[in-house]
Amino acid sequence: MRRIPLAALIGLIFTGAYFGAAIFAPWIAPYGMAEVVGDSWEPWSSTHWLGTDTIGRDLLSRMIWGGQTTIFVAAAATLLSFSLGSVLGFTAAVRGGWVDQILSRTVDLMMSIPSLISALVILSVMPVTLPVLILVMGILDSTRVFRLSRAVAVDITVMDYVEAARLRGEGQGWIIFREILPNALSPLVAEMGLRFIFAVLFISTLSFLGLGVQPPMADWGGIVKENKEGIVYGIPAALIPAFAIATLAISVNLVADWILNRTSSLKGGRGG
Amino acid sequence: MADVLLDIRNLRIEATSYPPGEPPRDVVLVDDVSVAVEKGRVLGLIGESGAGKSTIGLSAMSYGRGGVRLTGGQILLNGREIRTAGMRELRSLRGHEVTYVAQSAAAAFNPAKQLMEQVIETSLSHGLMPRAEAEARAVDLFRQLGLPDPENIGKRYPHQVSGGQLQRVMTAMALCPKPDLVIFDEPTTALDVTTQIDVLAAIKRAIHETGVAALYITHDLAVVAQVADDIMVLRHGKMVEYGTTEQIITRPSEEYTRALVSVRGIEHAEKDPSVEPVLRVQNVTARYKGTNFDVLKNVSVDLPPGQTLAIVGESGSGKSTLARAITGLLPPSQGRITFAGRELSRELKARSKDDLREVQMIYQMADVAMNPRQTVGTIIGRPLEFYFGMSGEQKRVRIQELLDQIEMGRGFIDRYPAELSGGQKQRVCIARALAAKPKLIICDEVTSALDPLVADGILKLLLNLQAAEGVAYLFITHDIATVRAIADRIAVMFKGQVVRYGPKSQVLAPPFDDYTDLLLSSVPEMELGWLEQVLEHRKMESAGN
């Protein structure tokens with residue numbers, strides 16, 4: 001085990017703190033999620049560390065509960081998009097021919113519509129619940145993962161060891177999961193860090209526009225929306241979730257970079 | 001010693017290695033090597049890969065590739081110390097006093113620029129001559145090197161000339177700034193034998209006519225014997241032997257040099273050809289999808305069990321395509337392939353598990369033939385699991401047996417391919433093929449990427465395994481020496497057709513057809529003056545026609 005570089009360490013600490021707060025929210029949060037505990041927009045004090053929000057709920061508690069929702073939805077959507085996108089991408093690369101054509105053209109079609117617009121259209125006709133949100137985000141995002149994993153896998157399928165596996169008579173499952181996946185992991189992990197952050201931004205955007213997580217549940221985008229009027233009066237409540245999103249984005253990517261560096265030098269695997 | 005141009009004394013070259021999971025450490029690549037090249041002479045540097053020959057070659061322009069550092073000794077060029085020289089001085093010397101010809105011309109040229117621009121680039125950037133003069137000189141050099149249409153070839157782009165021509169253009173590029181010393185780094189290794197001989201002759205003539213000194217780096221002693229005046233044999237970064245070409249070839253004093261000179265000493269008695277064949281290829285014609293050009297035309301060959309059929313030809317002759325047709329990767333458009341008495345279906349998918357098991361393949365590049373993320377145990381064990389349903393202890397015992405058969409220790413089972421040497425990788429690939437208990441193994445240029453001594457070991461191993469297991473080999477190669485060593489019968493391929501076919505003793509005995517004659521006579525022999533003899537002979541023949 002080599003020494004962890006400083007950047008990765010900072011990233012690890014911040015990422016760990018955010019994820020820890022999200023997981024242990026019920027024990028950490030000083031007040032309930034929707035509990036009204038004071039006047040609206042109280043300043044920072046010893047009882048309310050980050051002040052209160054537009055209707056007098058404790059902002060720190062809202063941030064912690066909101067972080068839980070945001071991180072959970074983003075992580076689930078990312079996981080879904082990666083499983084779906086990479087399996088389909090690898091299949092397209094391995095099978096080629098009409099399977100590849102159908103999958104690739106469908107993805108092109110989906111990508112030609114901006115994902116925010118398609119999400120808004122779909123969510124406006126569907127009941128907005130967490131599973132629906134995760135499903136919509138995951139499927140829309142899987143198109144990007146499909147593109148990447150197909151490109152990576154096309155390079156790998158022409159290697160002699162994949163041909164050797166084919167000549168042996170191996171099925172598609174073995175070729176995808178045992179021959180290609182281990183060699184495609186490095187770029188996918190790096191992309192996963194990036195995609196997770198896009199998912200955080202996406203769910204925050206949706207909530208801000210009112211089609212994401214529904215009140216009284218908290219999430220970071222929703223908190224910005226609820227407190228945006230405060231900015232006019234010089235109240236920073238809306239900026240705190242923005243700050244959280246930014247620091248989470250940077251720290252997750254620092255960690256992903258570090259993982260990428262470590263895995264690509266390992267066991268003589270391919271770089272990039 | 002007034003005429004000494006390059007004088008390297010006690011050179012020491014180091015680099016830092018980063019073994020996985022261990023702290024970095026310094027390794028010595030070249031230790032205490034001294035070389036002197038006089039004006040107008042050619043020194044051959046010879047050795048296996050990793051012997052440090054390219055590293056020493058590049059040190060003649062005080063350059064270390066990657067993290068390589070020239071840490072000790074002196075490099076005197078024209079009496080001037082250049083090892084410790086500054087960047088500015090080195091820049092004026094590289095591409096002017098010393099130039100370099102790389103192995104892969106295709107990778108060394110910029111595909112987006114015309115050849116002429118690239119040939120005269122250094123002459124112009126060093127301010128050595130005006131453009132018109134440089135272009136005139138380049139055309140002269142093109143003519144000297146025997147390039148077709150020397151006035152206009154400079155207007156072409158790199159993809160518009162052949163590999164052999166490109167290598168000659170690169171030689172012209174190196175000679176254009178009138179250097180004192182040219183470093184040739186394996187200039188003909190990537191070429192077919194029939195092309196190699198022309199390039200070799202052109203380089204030799206150009207060296208002679210321009211009176212330039214040269215370092216000629218290669219792993220092929222027979223090639224270097226044709227061009228060099230002196231030869232230095234290197235191994236593991238140390239000098240083994242240094243002498244005139246004549247002395248090294250005829251009276252080598254070191255054990256290692258003797259091994260290099262007498263390499264391919266394998267004798268192999270031809271087996272009885274009148275046995276019922278295990279593989280029968282009949283009138284096979286094939287083309288790649290979306291093209292209307294037949295890569296294989298009406299090919300018919302037979303291979304008796306336990307024997308070796310060598311397919312010989314230059315690149316593009318269709319020999320690897322034949323292997324793809326037999327394995328089912330490229331379904332032939334016509335013809336039939338019969339294996340062990342039953343007809344093989346054309347498509348890979350339609351073949352039974354036994355059909356797949358009994359035909360195995362070994363590739364040229366062992367590096368990419370093994371998944372870098374699987375251990376040797378997984379790589380060899382998978383066919384056992386897949387075809388014979390072995391697992392646990394039974395599988396482990398069988399893997400050990402196979403490792404013993406390929407003469408590798410038991411400690412290798414948990415290693416990754418990156419932790420093996422080139423020869424070991426190829427052995428693991430052989431073990432993977434053997435694990436399936438095949439009747440036929442297709443060997444696609446399996447020794448071409450290996451050093452001669454290592455390749456020899458692999459060939460001996462293959463012959464032993466054939467004797468022990470009775471497996472037949474379809475051996476694809478461009479190397480006649482390998483064919484002589486192991487084949488029972490030979491098919492010579494040219495432009496997708498079999499032009500000559502039969503038992504080894506017949507195919508390699510006169511009278512020859514034109515192509516086989518050209519192919520056989522182009523293989524360098526370890527003999528002084530061989531190149532001149534061949535060229536003289538060819539000139540007489542063409543004059544006679």
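## Chain A at a glance

Two residues are in contact if their C-beta atoms, placed from the backbone, lie within 7 Å. With that in hand, here is a first number for chain A: among contacts between residues at least 6 apart in sequence, 68% join residues at least 24 apart. Keep in mind that this is a predicted model.

What is chain A built from? Its secondary structure comes to 10 helices and zero strands, so reading from the N terminus you simply meet α-α-α-α-α-α-α-α-α-α. The C-alpha trace of chain A spans about 75 × 50 × 30 Å along its principal axes. Of its 272 residues, 40% count as buried.

## Two helix pairs in chain A

Start with helix α6 (residues 130-157) and helix α8 (residues 172-208) of chain A, whose axes come within 10 Å and cross at roughly 150°. Angles over 145 degrees count as roughly antiparallel, and α6(A) and α8(A) are therefore roughly antiparallel to each other. Their crossing is right-handed. If you want to find the contact on screen, look on α6(A) for residues including A:Leu133, A:Met137, A:Leu148 and A:Ile156, and on α8(A) for residues including A:Ile180, A:Leu188, A:Phe202 and A:Ile203. By class, this contact has 14 nonpolar, three polar and four charged residues; among the residues taking part are A:Asp141 and A:Arg144 from α6(A), along with A:Glu191 and A:Arg195 from α8(A).

Helix α6(A) also packs with helix α4 (residues 97-111) of chain A, at an angle of about 135° and with the axes 10 Å apart. That makes α4(A) oblique to α6(A). Here the crossing is left-handed. The residues making the contact are A:Val107, A:Met110 and A:Met111 of α4(A), with A:Thr143, A:Phe146 and A:Arg147 of α6(A). They divide into four nonpolar, one polar and one charged.

## Where the chains meet

Now bring in chain B. How many residues does each chain put into the contact between them? Chain B gives 19 residues and chain A gives 15 residues. On the chain B side, three helices each supply at least two residues: α12 (353-358), α13 (366-369) and α14 (376-388). That side of chain B has 15 nonpolar, two polar and two charged residues.

## The two domains of chain B

The domain assignment of chain B gives domain 1 (39-63 + 86-261) and domain 2 (279-509). The C-alpha centres of these two domains lie 35 Å apart. Their contact takes eight residues from domain 1 of chain B and six residues from domain 2 of chain B. On the domain 1 side, α7 (193-210) and α10 (255-261) of chain B each supply at least two residues. By class, that side has three nonpolar, three polar and two charged residues.

## Buried or exposed in chain B?

Take helix α11 (residues 319-327) of chain B. Nine of its nine residues are buried, so it is largely enclosed by the rest of the structure. The buried set runs from B:Lys319 to B:Thr327 and includes B:Leu322, B:Arg324 and B:Ile326. Right after α11(B) comes B:Gly328, with a positive phi near 95°.

B:Gln247 sits in helix α9 (residues 245-250) of chain B. Is B:Gln247 buried or partly exposed? A buried residue has 20 or more other C-beta atoms within 10 Å of its own, but B:Gln247 has 14 C-beta neighbours inside 10 Å, so it counts as partly exposed. The C-alpha atom of B:Gln247 is separated by 9.0 Å from that of B:Ile231, a residue 16 residues apart from it along the chain.

## A helix pair in chain B

How do helix α16 (residues 422-435) and helix α17 (residues 452-469) of chain B pack? They meet at an angle of about 20°, with their axes 10 Å apart. That makes α16(B) roughly parallel to α17(B). The crossing of α16(B) and α17(B) is right-handed.

The contact draws on B:Gly422, B:Gly423, B:Gln426, B:Arg427, B:Ile430 and B:Leu434 from α16(B). From α17(B) come B:Val454, B:Gly457, B:Ile458, B:Leu461 and B:Leu465. By class, the contact has six nonpolar, four polar and one charged residues.

Conventions:
Residues are numbered from 1 along each chain as its sequence is written. Chains are lettered from A and ligands numbered from 1 in the order in which they are written. This is a predicted model: local features need pLDDT of at least 70, side-chain atom pairs count only at pLDDT 80 or more; totals for chains, interfaces and linings use all residues. Helices (H or I, at least four residues) and strands (E, at least two) are DSSP runs, numbered from the N terminus. Ala, Val, Leu, Ile, Met, Phe, Trp, Tyr, Cys and Pro count as nonpolar, Asp, Glu, Lys and Arg as charged, and the others, Gly among them, as polar. A residue is buried if 20 or more other C-beta atoms lie within 10 Å of its own, exposed if 12 or fewer, and partly exposed in between; C-beta atoms are placed from the backbone. Axes are lines fitted to C-alpha atoms, for helices over the stretch in contact, and angles run from 0 to 180 degrees between N-to-C directions. Angles under 35 degrees count as roughly parallel, over 145 as roughly antiparallel, 65 to 115 as roughly perpendicular and the rest as oblique. A crossing is left-handed if the near helix is turned anticlockwise from the far one by less than a right angle, and right-handed if clockwise. Domain bounds come from an automatic or database domain assignment.
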